[in-house]
Amino acid sequence: MTGTRTLPDIHVTEHAPCWGDEDFAVADDRFKTSSDLIKLCTPVLYVCGGCPFRAACIRQVRPAKTEFSGICGGRIWSNGEIIYSPPDADPTELPAPVHRKACGTAAGVRAHRRAVEQQCPRCQASEPDAEQLELPTSD
Ligand code: SF4
Ligand SMILES: [Zn+2]
């Protein structure tokens, strides 16, 4: 839930467009599946995607570590994984890559993806085109 941004040690700036906006705080009991979560967060994605604090927001919320679900940093997350990222999302907004022995191989690429961090230059060179998750179409 996006409410984790209100934990005492987390201070998303009060200048952020989501500040105090309940539509950004999706309660746990409002969704069961990733698809529900995408539907709930999509109406405010255009605000979040244009927010100048995206990178800072990801640094503060640490969604991968906190297993965050909701909207943060212009992306929609479920249990710490990105389930929707707009096609023009800037990967440099994600945390810097940890360098591992596997870097430069497919396993290295996967390790960066699992940690939801940037790809290091060696892994970037070996990374196949990232698959983009589609937003659900309205029925
Ligand atoms: S990136 Fe999104 S969730 Fe984070 S401060 Fe900006 S509007 Fe709020
Ligand atoms: Zn790497």
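This report walks through the fold of one protein chain and the metal site it holds.

## Before we start

The structure is a predicted model, in which local features need pLDDT of at least 70 and side-chain atom pairs count only at pLDDT 80 or more, while totals for chains, interfaces and linings use all residues. Residues are numbered from 1 along each chain as its sequence is written, chains are lettered from A and ligands numbered from 1 in the order in which they are written, and side-chain values use heavy atoms, with hydrogens and water left out.

## The overall plan

Let's begin with the big picture. The chain has five helices and three strands; helices (H or I, at least four residues) and strands (E, at least two) are DSSP runs, numbered from the N terminus. Reading from the N terminus, the order of elements is α-α-α-β-β-β-α-α.

Of the 139 residues in the chain, 35% are buried. Here, buried means under 20% relative accessible area, exposed means over 50%, and partly exposed lies in between (1.4 Å probe, protein chains only). Among the contacts with a separation of 6 or more, 41% are between residues 24 or more positions apart; a contact means heavy atoms within 4.5 Å.

## The three-stranded sheet

How are the strands ordered in the sheet? The order is β1-β2-β3, in an open sheet with antiparallel pairing. The two edges belong to β1 and β3, each with a single partner strand, so one side of each has no neighbour in the sheet. From one strand to the next, the twist averages 50°. Two strands pair if DSSP finds at least two bridges between them.

Three bridges join β1 to β2, and on this side Gly-70 stands opposite Trp-77 in β2. Helix α1 packs on the sheet and touches β1, β2 and β3, with a direction that makes about 155° with that of β2. (Axes are lines fitted to C-alpha atoms, for helices over the stretch in contact, and angles run from 0 to 180 degrees between N-to-C directions.) Three bridges also join β2 to β3 (residues 81-84), where Ile-76 stands opposite Tyr-84. These two strands form a hairpin with two residues between them, and Asn-79 in the turn has a positive phi of about 50°.

## Where Gly-49 meets Gly-74

Now look at helix α1 (residues 34-49), which contains Gly-49. Gly-49 is 25 residues from Gly-74 in sequence, but their C-alpha atoms are 4.0 Å apart in space. Leaving aside neighbours within four places in sequence, Gly-49 is in contact with Arg-54 and Gly-74. With a relative accessibility of 32%, Gly-49 is partly exposed.

## Helices with a buried side

In helix α2 (residues 54-61), the buried residues are Cys-57, Ile-58 and Val-61. They sit on the same side of α2 because they cover an arc of only 95° around the axis; the arc is that of the directions from the helix axis to the C-beta atoms. An α-helix has 3.6 residues a turn, so residues three or four places apart point the same way. The cover over the buried residues of α2 includes α3 (63-66), β1 (70-72) and β2 (75-78).

Helix α4 (residues 106-115) has Gly-108, Val-109, Ala-111 and His-112 as its buried residues. These too lie on the same side of their helix, because their arc is only 160°. Part of what covers them is α5 (121-126).

## Loops with positive phi

Which residue just after α2 takes a positive phi? That is Arg-62, at about 45°, in the loop between α2 and α3. Arg-62 is partly exposed, at 42% relative accessibility. Glu-67, in the loop between α3 and β1, has a phi near 55°, a positive value in a residue other than glycine. Glu-67 is exposed, with a relative accessible area of 54%. Val-116, which follows α4, has a positive phi near 50°.

## The zinc site

Which protein atoms hold the zinc ion (ligand 2) as donors? They are Cys-103 (SG), His-112 (NE2), Cys-120 (SG) and Cys-123 (SG), at 2.0 to 2.3 Å from the ion. Donors are N, O and S atoms within 2.8 Å of the metal (3.2 Å for Na, K and Ca); water is not among the atoms, so sites may look incomplete. Along the chain, the donors follow the spacing C-x8-H-x7-C-x2-C.

The site is tetrahedral, with angles of 104 to 117° among its four donor atoms; four donors count as tetrahedral if all angles lie between 85 and 135 degrees. Two of the donors, Cys-120 and Cys-123, are buried, with relative accessible areas of 1% and 0%. Another donor, His-112, is also one of the buried residues of α4.

Methods
Four donors count as tetrahedral if all angles lie between 85 and 135 degrees; four count as square planar and six as octahedral if opposite donors are over 155 degrees apart and all others between 65 and 115; anything else is irregular.
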